[in-house]
Amino acid sequence: VCCSETSALFIHVILFVTGKNVTFVAKVDSSQLLRKPNMKWLKGKWMDLGSKAGKHLQFKETYDRNTKIYTYEMTIVKVVDGDAGGYRCEVTSKDKCDSCTFDISVEDAGEDAGELDFSGLLKKRKQKEEPEINVDVWEILKNAKPCDYEKIAFEYGITDLRGMLKRLKKMKKVEPKKSDAFLKKLDPAYSVEKGKKIQLSVELADPNAQVKWLRNGQEIKPSAKYIFESVGGIRKLTINKCTLADDAAYECVVGEEKSFTEVFVQEPPVTITKMLDDVHVVVGEKVEFEVEVSDEGANVKWMKDGVELSRDGKYRFKKDGTKHWLIINEATTEDIGTYYVYTSGGESKGELDVEEKELEVLQSIADLTLKAAEQAVFKCEVSDEKVTGKWFKDGVEVIPSDRIKMTHIGRTHKLVIDDVKPEDAGDYTFVPDGYALSLSAKLNFLEIKIDYVPRQEPPKIHLDTTGSFVNKNTIIVVAGNKLRFDVDITGDPPPTVCWKKGDTPSSAGHQHMLYFKLSEGRVRVETRKNLSCFVIEGAERADEGLYHITVTNPAGEDKADVMVKIVDVPDPPENVKCTGVGEDSASIQWDPPTFDGGVPVKGYLMERKKKGSSRWTKLNFDIYESTTYEAKKMIEGVLYEMRVFAVNGIGMSQPSASSKPFMPIAPTSEPTRLTVEDVTDGTCALKWLPPERIGAGGIDGYIIEYCVEGATEWVQANETPVEKNSYRVRGLPVGEKMLFRVTAVNIAGRSPPAVMAQAVTIREIVERPKIRLPRELRTKYIKRVGEKVNLVIPFQGKPRPVVTWLKDGAPLDTKLVNIRTSDVDTILFIRQAAREHSGQYTLSVQIENMEDKVNLEIQIVDKPGPPIAVTVTDVWGFNAALEWKPPKDNGNCEITGYTIQKADLKTKEWFTVLEHNRRPSCTVSDLVMGNEYTFRVFSENICGMSDDAGISKNTAAIAKTGTYILPYKEKDMCSSPKFITPLMDRSVIAGYSAAISCAVRGYPKPKIIWMKNKMIIGEDPKYLMQNNQGVLTLNIRKPSLFDGGKYTCKAINDLGEDEVECKLVVRVVTEKEEAKK
């Protein structure tokens, strides 16, 4: 552990190792501090570990008020290879700071080492004490590896290790030694992103030397992760797929010499790839917020309304790969709000809306009329089986007893009273707990009067219209519920009962036979004494209708009619569709349900969702009565779907079919800068710029309209929208003043029109013909034989002028030359030029009696022929005089010079003696005595030298004379490198290749090194280095702004070295500069 010297804030630093867990404990004395100190735990040089807190990395902070000491703990649970590296804890307080560093190396242990306490190693000194240093210890430290320093300090009892290392460093600096093994060492530091590769490179003086690579003092072996390369004297170490464990110190060892560096691994920020969705639930339901991030090992932070959420009984966090969930098992109204999720590189939010759960009554309590000793059963059914409740009689809570029992099974609540007595009569009410709802029914006690006088009594039907009857003789039943209709019947002797629906009897026969035959089934009749019960289990729509009851006995007959009406939730609405869209809204329309359930529809509930999502969002909580709805707060450019529920007095229908996907899109703004480009007799060319605001819908095209000035009727000029920003309107009346307007069209409709401010008069505009001859054609135009000729000559004039081409005063032969003419220019094209294409070309542009002409001189040239009549006219001493005549074929251009070559008749090898000789004669000197020479001459023009040469008809013989040979003395040519031409500062344009040059002299031939900003330029394909007889050139291919800087050329040989440098500026050409060109 190595602590800083800035100030003494740490009073105690301890490391504990328990099994695979590592705990660092740091204590800070705050008695002299004005405020609480700030503590940071870092890995490497920059990575803050505070954002990595979780199961693997845990932090703890405590404070002792008596001693004013802060205790900070960091625990790494189950250390893995990725935890290896250097760590640092920093504490700061205003102008004071202190730090403590430590390293972790992870190795496979053969057996559990137990719990270790390194407090003796890590405890910070309070006072500097210099121990008596032994010479042997200094020698040991000098020769030891840096990774063994702490081990040596512990063995020899050194307490001021850092001070000794400082002194040792000064001792080493006394004898500076230039590196003999390294021509180029490692950089002080390298930086690389996590998951990418990095390359460390050194250059050795000895190409055959062997190197060793070390990481934190441990030798690295070649593998798929660590790749060693050796190219000449260059040694490279490539680290693939860097992790945080690769953040360490590296060194390259050659013999006794070393080169050190540090590699810093940067962890890229974690981004959110799938955002949070809004959630709408009912109280008690489960809530799940889901988010997906870019890295599997990333940690996320959940917050609600600015407060960070912790893992407790209410909130649960779940993680699977890159997906993270926030889970609330049972939602309450207190959970309503905005939930945020944060990563190191992004954030997202989602709304949670919790709706109160409504309790629905599936079956209400029915009134009862009973006689003494009978059993009374009150039964009701609600939608939630977890709901409890209480029973009341005349406002007083019912207490259970042996005779009175209350049961709760599933969604059904029952109150059973055995052996009914007169005092049991009254109003009974069931009140569910937690809901403002009550269900009431009446218990009527029927007293039986005994008449001892036997007599016949006509039958009588007694219909009780005070219970489930909504009006006279009509019963309403909710579909799916049970209907039990009790009819009191009197008569003596007991009458026979017959039930009919419409004209079809549902049962017939004697009362006892009716009871036995129809006592079972979904629709049945149950008969008791003086009571006939008509029962329908699970009412259906087909059960609706008019029912007849007939009772007969010998004393007479009685009849009654009962209307049964089945009501249900309505059918779903139909034809849900989007009738219009806006920037963030849409108009939705639908048809009412075909069946309203027998009860008028009260209104509708709407839901929407994004296409591809499975989560529907409610748009209204109050019933909406209309069949059109304006949905707002939508995102432009996103596809949505809608569905609608119908609501009546019974309940809510099933959802309608989803609408076709629609996208909120707003029309664009109006086009801009509408101007007139051209006017003819009957046409008008318009041009404009796109709208300033386009939106997500884009632009499908433009509609152009026109009308006569003063009129109000606009005529559309184009049937389909045009995509270009220009259009020529045709068929306009000549002489009229016309107004024009342009409208942009997209899926949302038409934009506001861009209207021409002033009317345009439709008339022919006559413009004199004028040829705009390019500058390069104003002089003689020269091309070589076989090259392509492509001349574009613009002209102007209205109406369209007549274009005529002539060659040497005669009409142009279109078989030899191709001519293409448009409204604004004419093109002369020759695929392969020949000499017969040379001559004077005349271009004429004519409109009626107005004309403009230009002449073009085209010359097609070729290589010349050889000179003729080459003759040696005189020979004297070591000289010979030559003369010749110009070639017959000059290649259709002037002869610019001659090249003369000589050849010895012995060797017959040709050597050039004169170049670019202007005259048809010359003198050749420095001929060798005793040799006989022949000569040849090449002619030259702008195309180059002739293919053949004129050879002299005679030869020149050099006679021998007396000679004296001087002794030869070899000159010492060795010299150190010296630049005779320096590099010059340059400013180049980005994207255009550039070159910088200089010249050097020296022997032996020096080694050339090019550098950019003092960094050697390696084998980069962007740079091409050339050395031509001491002229050095560095070619830079298409430089960018990054290639600007200071370039240095360095020459080295055994006698010394020299260098020159220059500054290269790369600039970007602006639009104004391009316009000037």
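**Close-up views of selected sites**

**View 1. A cis proline just past strand S41.** Pro493 sits in the loop that runs between S41 and strand S42 (496-501). Strands here are DSSP runs of E with at least two residues, helices are runs of H or I with at least four, and both are numbered from the N terminus. This is a predicted model, so to speak for itself only where confidence allows: local features need pLDDT of at least 70, side-chain atom pairs count only at pLDDT 80 or more, and totals for chains, interfaces and linings use all residues. Residues are numbered from 1 along each chain as its sequence is written, and side-chain values use heavy atoms, with hydrogens and water left out. The peptide bond leading from Asp492 into Pro493 is cis, its omega near 0°. Strand S41 itself covers residues 483-492, and Asp488 is one of its residues. Asp488 comes out at 33% relative accessibility, so it counts as partly exposed (buried is under 20% relative accessible area, exposed is over 50%, partly exposed is in between; 1.4 Å probe, protein chains only).

**View 2. Another cis proline, at Pro1004.** Tyr1003 and Pro1004 are joined by a cis peptide bond with omega at about 0°. Look for Pro1004 in the loop between strand S83 (994-1003) and strand S84 (1007-1012).

**View 3. The salt bridge between Lys618 and Glu355.** A salt bridge means a side-chain nitrogen of Lys or Arg within 4 Å of a carboxyl oxygen of Asp or Glu; by this rule the count comes to 36 salt bridges. In this one, Lys618 and Glu355 bring their closest N and O atoms to 3.2 Å. The pair links distant parts of the chain, 263 residues apart: Lys618 belongs to strand S51 (residues 617-618) and Glu355 to strand S28 (residues 346-355). Lys618 is partly exposed, with a relative accessible area of 25%, while Glu355 is buried at 18%.

**View 4. Lys482 meets Glu537.** The closest N and O atoms of this salt bridge are 3.3 Å apart. Again the pair links distant parts of the chain, here 55 residues apart, with loops at both ends: Lys482 is in the one between strand S40 (474-478) and S41, and Glu537 is in the one between strand S45 (531-536) and strand S46 (545-553). Lys482 is partly exposed, with a relative accessible area of 34%, and Glu537 is partly exposed too, at 27%.

**View 5. A loop-to-loop salt bridge, Lys863 with Asp947, plus a network.** The side chains of Lys863 and Asp947 meet in a salt bridge at 3.4 Å, N to O. Lys863 is in the loop between strand S71 (850-861) and strand S72 (868-876), and Asp947 is in the loop between strand S78 (944-945) and strand S79 (950-951), so to trace the link you cross distant parts of the chain, 84 residues apart. Lys863 counts as partly exposed at 36% relative accessibility, whereas Asp947 is exposed, with a relative accessible area of 60%. Back at Lys482 and Glu537, salt bridges with shared partners join these two to Arg484, Asp486, Arg524 and Glu526 in one network.

**View 6. Aromatic neighbours Trp884 and Tyr898.** The structure holds 15 aromatic pairs. Trp884 and Tyr898 make an edge-to-face pair, 5.4 Å centre to centre with 70° between the planes. Trp884 lies in strand S73 (residues 879-885) and Tyr898 in strand S74 (residues 897-904), so the pair ties together parts that are 14 residues apart in sequence. Both Trp884 and Tyr898 are buried. For the record, rings of Phe, Tyr and Trp (its six-membered ring) pair if their centres lie within 6.5 Å; planes under 30 degrees apart are stacked, over 60 edge-to-face, and the rest tilted. Elsewhere, Phe24, Tyr87 and Phe102 form one aromatic cluster.

**View 7. Tyr315 and Asn329.** These two residues are 14 apart in sequence and 7.7 Å apart in space, C-alpha to C-alpha. Tyr315 belongs to strand S25 (residues 315-320) and is buried, with a relative accessible area of 10%.

**View 8. Positive phi at Lys68 and His916.** Lys68 is not a glycine, yet its phi is positive, about 55°. It is found in the loop between strand S6 (57-64) and strand S7 (69-76), and at 39% relative accessibility Lys68 counts as partly exposed. His916, also not a glycine, has a positive phi of about 55°. Here the setting is strand S75 (residues 910-917), and His916 is exposed, with a relative accessible area of 54%.
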